[in-house]
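Reader: I should like to learn how the surroundings of a ligand and the empty spaces of a protein are read from a model. Could you take me through one case?

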Amino acid sequence: MIIKSAEFVISNTDYTSCPQDGKPEYAFIGRSNVGKSSLINMLTNRKSLAMTSSTPGKTMLINHFVINDQWYLVDLPGYGYARRGKDSRTQLREIIEDYILERAAMTSLFVLVDSRHKPQPIDLEFMEWLGENGIPFSIVFTKGDKQGFGKLKMNLNSYKTEMLKSWEELPLMFITSAETGLGKEEILKYIDTVNKSL
Ligand code: GTP
Ligand code: MG
């Protein structure tokens, strides 16, 4: 799929204020600093469409970007940033959970995890929560450029083994790098296929 246009539309704290035009949306969720905003920039070939930072907790709102005037990429705040105060963490959690549970236009959810780490309880618990609520998702392993292929493969295998302890089947998985563009074609192709099936 060719990205002809990518534009920021609106930021919200509440899913009910998000665009109501019914265009399908593809949302990115995951721990703070995992690379959600960077992935949106990589997919759209824009350096700073979504704001990124080396400090966790950059994205605080639900951000809609319209692509080719046909569908949305949605950048969400990250979960699990320990240094944020408890109240603000709870508030962000509510924004994220309400969006995921209630947003009818959300067509596909990508859960981002850092490809450098072994399966982390916070991510596994989040996916369990999605499962309990009947929300389908794919996994995106980010920062694939930060280690060699051997280590990447090892971490992916340990993720699969860990997930198969509680899941009957594995979700779709993508490996990406915002630096090298790894995984871009696969994700865009997947989105294109879903868009055409709607
Ligand atoms: P929050 O908005 O705080 O939840 O974070 P986020 O998940 O949106 O992360 P963001 O895209 O802001 O990236 C966090 C940091 O990781 C930045 O310093 C990025 O440059 C870096 N980063 C993100 N993706 C990659 C990647 O694929 N490779 C490398 N090397 N660095 C990356
Ligand atoms: Mg962000």
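Author: The following dialogue treats the ligand, then the pocket, then the cavity. Please keep in mind that this is a predicted model.

Reader: Which residues come nearest to ligand 1?

Author: A residue is placed in the shell if one of its heavy atoms lies within 4 Å of the molecule. There are 22 residues around ligand 1, and those that come nearest are Lys 36, Ser 38, Gly 57, Asp 145 and Ala 178. By class, this shell around ligand 1 holds three nonpolar, 12 polar and seven charged residues.

Reader: Which backbone atoms lie at short range from oxygen atoms of the ligand, and how much of ligand 1 does the protein bury?

Author: For polar contacts, one looks for pairs of N or O atoms within 3.5 Å. A polar backbone atom of Lys 58 is 2.8 Å from an oxygen atom of ligand 1. For Asn 33, the distance from a backbone N or O atom to a ligand oxygen atom is 2.9 Å, and for Gly 78 the corresponding value is 3.3 Å. As to burial, ligand 1 taken alone exposes 650 Å², of which the protein buries 88%.

Reader: How should I describe the space taken by ligand 1?

Author: A pocket is an open set of grid points, whereas a cavity is a set from which the probe cannot get out. The space that ligand 1 takes is the largest pocket. This largest pocket contains about 560 Å³ of space. It is lined by 31 residues, and Val 34, Gly 35, Ser 38, Thr 52 and Lys 143 are the closest to its centre. Helix H1 (residues 36–44) supplies the largest share of the pocket lining, with six residues. By class, the lining of the largest pocket comprises six nonpolar, 18 polar and seven charged residues.

Reader: How many cavities of 30 Å³ or more does a search of the whole structure find, and which residues line the largest cavity?

Author: The search finds one cavity of 30 Å³ or more, and about 30 Å³ of space lies in the largest cavity. Its lining consists of Tyr 79, Arg 93, Ile 96, Glu 97 and Phe 126. Three residues of that lining, the largest share, come from helix H2 (residues 86–102). By class, the cavity lining has three nonpolar, no polar and two charged residues.

Conventions:
Residues are numbered from 1 along each chain as its sequence is written. Chains are lettered from A and ligands numbered from 1 in the order in which they are written. This is a predicted model: local features need pLDDT of at least 70, side-chain atom pairs count only at pLDDT 80 or more; totals for chains, interfaces and linings use all residues. Side-chain values use heavy atoms; hydrogens and water are left out. A polar contact is a pair of N or O atoms within 3.5 Å; within protein, one must be able to donate a hydrogen and the other to accept it, and residues adjacent in sequence count only if both atoms are side-chain atoms. Accessible areas come from the Shrake-Rupley method with a 1.4 Å probe; for residues, only the protein chains shown count as cover. On a 1 Å grid over the protein atoms alone, a cavity is a set of points where a 1.4 Å probe fits but cannot get out, and a pocket is an open set with protein on both sides within 12 Å along at least five of seven lines; lining residues have an atom within 4 Å of a point. A molecule sits in a cavity or pocket if more than half of its atoms lie within 2 Å of its grid points. Ala, Val, Leu, Ile, Met, Phe, Trp, Tyr, Cys and Pro count as nonpolar, Asp, Glu, Lys and Arg as charged, and the others, Gly among them, as polar. Grid points are joined across faces, edges and corners, and a volume is the space filled by probe spheres set on the points. Helices (H or I, at least four residues) and strands (E, at least two) are DSSP runs, numbered from the N terminus.
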